[in-house]
Amino acid sequence: MPRAFGRALAALATIVALPRCLPAQDSLEQAHRDTLRVYEVPAITVTATRSPKEVFRTAGPVTVVDSTMLREKSPNSAADLFRELPGLDVTGVGANQGRPGIRGLRGQRILLLEDGIRLNNSRRQQDFGEIPALVDVTGIARVEVVRGPASVLYGTDAIGGVVNLITQRPPAGADQTVRGTMGYIYSTADNQQRPYGSLTGRSGRLDYRLGGSFRSTDAYEAPSGTFGKIFLPVDTRVQDTGGRDWSGNLEVGVGLGNGRAFGKFEHYHAIDAGFGQVLPADYAPTVGFTQILYPSQDFDKYTLGYQVNGLRGALADRVNFISYYQSNDRYLDINVNQSFANPPGASVTANSHNYTSLHTFGFRAEAVKALGGSQVLTYGADLFRDHSTNYDNSLTTLIGFGPPQTIPDNLPKVPNANFRSAGLFVQDEVGLTSRFTMGLGARVQDTHAATEATIGLTAPLSTSHDRSVVGTANLAYLLTEQLNVVASVGRGFRSPNLIDRFFSGQVPEVGGVQIPNPGLKPETSVNVDLGLKYRQGSLYAEGFIFRNDIHNGMRADPTGDSLGGQPVYQNINVDKLRYWGVELMADIGLGHGFSTGANYTHLKSKDVLQPNNPIGDSYSDKINLEAAYHHPTGRFWLAYDFRWNGEQKDASLAQNPVGNALPAFTVHTVGGGVRLFTWGRQAHSIGLAVHNLTNRLYAESSNTSFFRPEPKRNVVVTYSVGF
């Protein structure tokens, strides 16, 4: 790692040195207008502290994706943008199945939020977090990512970080004009067709926003070629990457004195989505067949909120109340055909079907109080309760584990259950001097899970309870007005969810049976970040080193027992995992509309108790470069993106024939856009992007072990009308 860190520092030094030969800009605001870059200058975050604050002055690593990048990149979901950002990754393929990764962690160890409200699903498996596609990407104003634990402010699951999808809101102020957008997106690789639109307005104290989109895609093809030791002789279909989904949302608010009350409804529906795969017969006939399908998912969310500013009371200057109800219904099919070397000739064929209905009630109440002009106190409480209803049926055929058996099973793998979590939190930020700021925070969280009477199950009812106390401390010191030195240490946690605690049944992928463990303890993490933030004229740069240790990590281990001739597994708290690395980025406005940016990430991971057990399933190194031109009048723009992912040797590849490591790859993207004409209040624009320009066969590192390559050369065309 020291050698990699040295290389990284040299790379950043080269980037930082560039502005010395460039003309300085008059102000940070003018630089932003000239460059229209991804990172606003100065960028603002609300996720990291719960109050608006410049990223430069925030004592921790925060990534902000603004509306410019969302508009120009036209991603399938917010997670698709993470490929190009430091410390971030994406797992999953297809139009709606991409999920975020942060510093080598993913799934339930990442907390997904919409406008500060959790979307994580306590009925998901550990490796599968909820999909960002629940939130219509055409209605997102910006995305904020906290890299590292954030459990003090947000509670369980925020071990690796937080992704906050901040949606577009109705207009503020006295503007009574009705505004809207309409657009259409088409991409060639998956024959995607996506119309969308929105309408916003205000009438007196009443404001509103209405939006929606529809998307239809086919399963895409990967290009022919070689990736590691995998060879595809012809363009090959990546099965189950198509599907259809649609979103709709309506928000209505009313101004009440210094505050605003609002109500919001959102709906998302998807059909025929899947995990994605190349059929083993196309590249490795000896590899087992595993198909994961989501025939249907319905998500509804109702939110009521009230925020009031300028109270100047003894206890609060600003208060915010949010209550919400979510309904998440999902069908899941898993089809497996797996052969085993021991015993010889053994195999498992299993077809399982699951329906889960999860209903969530929750609220969050918080207050902010400024004390003495140099201290900001944020405190509050939150609670949510998930209630899960489950139906399962499966047919499993076992050969080689004794006499051949065909086992029908109509019992739910997880009993009907509820999961309740309640927490109290406080965070205090103090300006010790004009340059030195210190922040301290703490949370206590109480979690309770209990099974309920379930048709077909006779096992005794089970309850589980745990309590977690976490804290954070950070420091920021302005060496100069341009250079901020920051340090933070924080503890995060993840309480075991319903799958972790109560799953019981066949696990065909490993040819065994899993039994419940209600006594699981929460996973906890301790994360340390040290960093520098620098801004000068049109340059913004950051450098961080970090280490995140996870204790009591959950893992399914064999118990040594057998059931029906099959080994028995159980989730236990055994893992001690370590993730550490370096993140560097710089963004430079060159003037006259030209800009460039670069970032570099070095990522390592280790199973501390079993050093020979590989756990890496993300990249080892990643370099992103971008050069862009935006015409000063906004008439047109052009951009080129380069990404290189390094080889990952610390990976468990199981039966995958890719080789002894996840291969390195390079990807090129070009894009641009033109404002065609303005007709009255209508502004018509068109955009064009070419992804995988060199038509290379590759898979993202997290999608390689279960081989799911990316699409062949893909042309994306967008047409939009704003009025």
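The legends below describe close-up views of a predicted model.

**Figure 1. A sheet of 3 strands, β4-β5-β6, is open and antiparallel.**
The edge strands are β4, residues 88–91, and β6, residues 105–106, and each of them pairs on one side only. Strand β5 covers residues 99–102 and pairs with β4 in the antiparallel sense through 4 bridges. Within this pairing, Val 90 has Pro 100 of β5 as its bridge partner.

**Figure 2. A second view shows an open sheet of 5 strands with mixed pairing.**
The strand order is β3-β9-β10-β7-β8. At the edges lie β3 (62–65) and β8 (117–118), each paired on one side only. Strand β7 (residues 110–114) runs parallel to strand β10 (residues 161–167), and 5 bridges join the two. Leu 112 and Val 163 of β10 are bridge partners.

**Figure 3. Strands β22 and β23 are paired antiparallel over 25 bridges.**
Strand β22 spans residues 346–371, and strand β23 spans residues 375–399. The bridge partner of Thr 360 is Asp 386 in β23. The two strands form a hairpin with 3 residues between them, where Gly 372 takes a positive phi near 65°.

**Figure 4. Strand β23 also pairs with β24 and β25.**
The antiparallel pairing of β23 with strand β24 (residues 405–409) has 5 bridges. Ser 394 stands opposite Asp 409 of β24. A hairpin with 5 residues between the strands links β23 and β24, and Gly 400 in its turn has a positive phi of about 100°. Between β23 and β25 there are 14 bridges, again with the strands antiparallel. In that pairing, Gln 375 is bridged to Val 430 in β25.

**Figure 5. Strand β27 pairs antiparallel with β26 and with β28.**
The β26 and β27 pairing is made of 15 bridges, and Gln 445 stands opposite Ser 468 in β27. Strand β27 (residues 463–478) meets strand β28 (residues 483–494) over 7 bridges. Thr 472 has Gly 490 of β28 as its bridge partner, and Leu 478 is bridged to Asn 484 in β28. A hairpin of 4 residues joins β27 to β28.

**Figure 6. Strand β28 pairs antiparallel with strand β31 over 12 bridges.**
Strand β31 covers residues 523–536. Ala 487 stands opposite Leu 530 in β31. As a general point, side chains in a regular strand alternate between the two faces of the sheet.

**Figure 7. The largest cavity holds about 820 Å³ of space.**
The model has 18 cavities of 30 Å³ or more. For the largest cavity, the lining is made of 48 residues, and those nearest its centre are Asp 80, Arg 83, Glu 84, Thr 669 and His 691. By class, this lining has 19 nonpolar, 15 polar and 14 charged residues.

**Figure 8. The second largest cavity has a volume of about 420 Å³.**
Its lining has 30 residues, with Ala 48, Ala 59, Pro 149, Thr 472 and Asn 474 nearest the centre. Elements giving two or more residues to the lining are β9 (140–147), α4 (151–154), β25 (417–431), β26 (436–451), β27, β28 and β31. Strand β28 gives the largest share, 4 residues. The lining of the second largest cavity comprises 11 nonpolar, 13 polar and 6 charged residues. Thr 472, one of the residues nearest the centre of this cavity, is also the bridge partner of Gly 490 in β28.

**Figure 9. A nonpolar patch on the surface has about 960 Å² of accessible area in total.**
The patch is formed by Tyr 184, Phe 636, Leu 638, Val 674, Leu 676, Phe 677, Trp 679, Ile 686, Leu 688, Val 717 and Tyr 719. Two or more of the patch residues come from each of β36 (636–645), β37 (665–679), β38 (682–691) and β39 (714–722). Strand β37 contributes the largest share, 4 residues. Leu 676 lies in this strand, β37.

How values were computed. Residues are numbered from 1 along each chain as its sequence is written. This is a predicted model: local features need pLDDT of at least 70, side-chain atom pairs count only at pLDDT 80 or more; totals for chains, interfaces and linings use all residues. Side-chain values use heavy atoms; hydrogens and water are left out. Two strands pair if DSSP finds at least two bridges between them. On a 1 Å grid over the protein atoms alone, a cavity is a set of points where a 1.4 Å probe fits but cannot get out, and a pocket is an open set with protein on both sides within 12 Å along at least five of seven lines; lining residues have an atom within 4 Å of a point. Grid points are joined across faces, edges and corners, and a volume is the space filled by probe spheres set on the points. Ala, Val, Leu, Ile, Met, Phe, Trp, Tyr, Cys and Pro count as nonpolar, Asp, Glu, Lys and Arg as charged, and the others, Gly among them, as polar. Patches are made of residues with over 30% relative accessible area and no salt bridge: like charges are joined within 9 Å, nonpolar side chains (Val, Leu, Ile, Met, Phe, Trp, Tyr) within 5 Å. Accessible areas come from the Shrake-Rupley method with a 1.4 Å probe; for residues, only the protein chains shown count as cover. A salt bridge is a side-chain nitrogen of Lys or Arg within 4 Å of a carboxyl oxygen of Asp or Glu.
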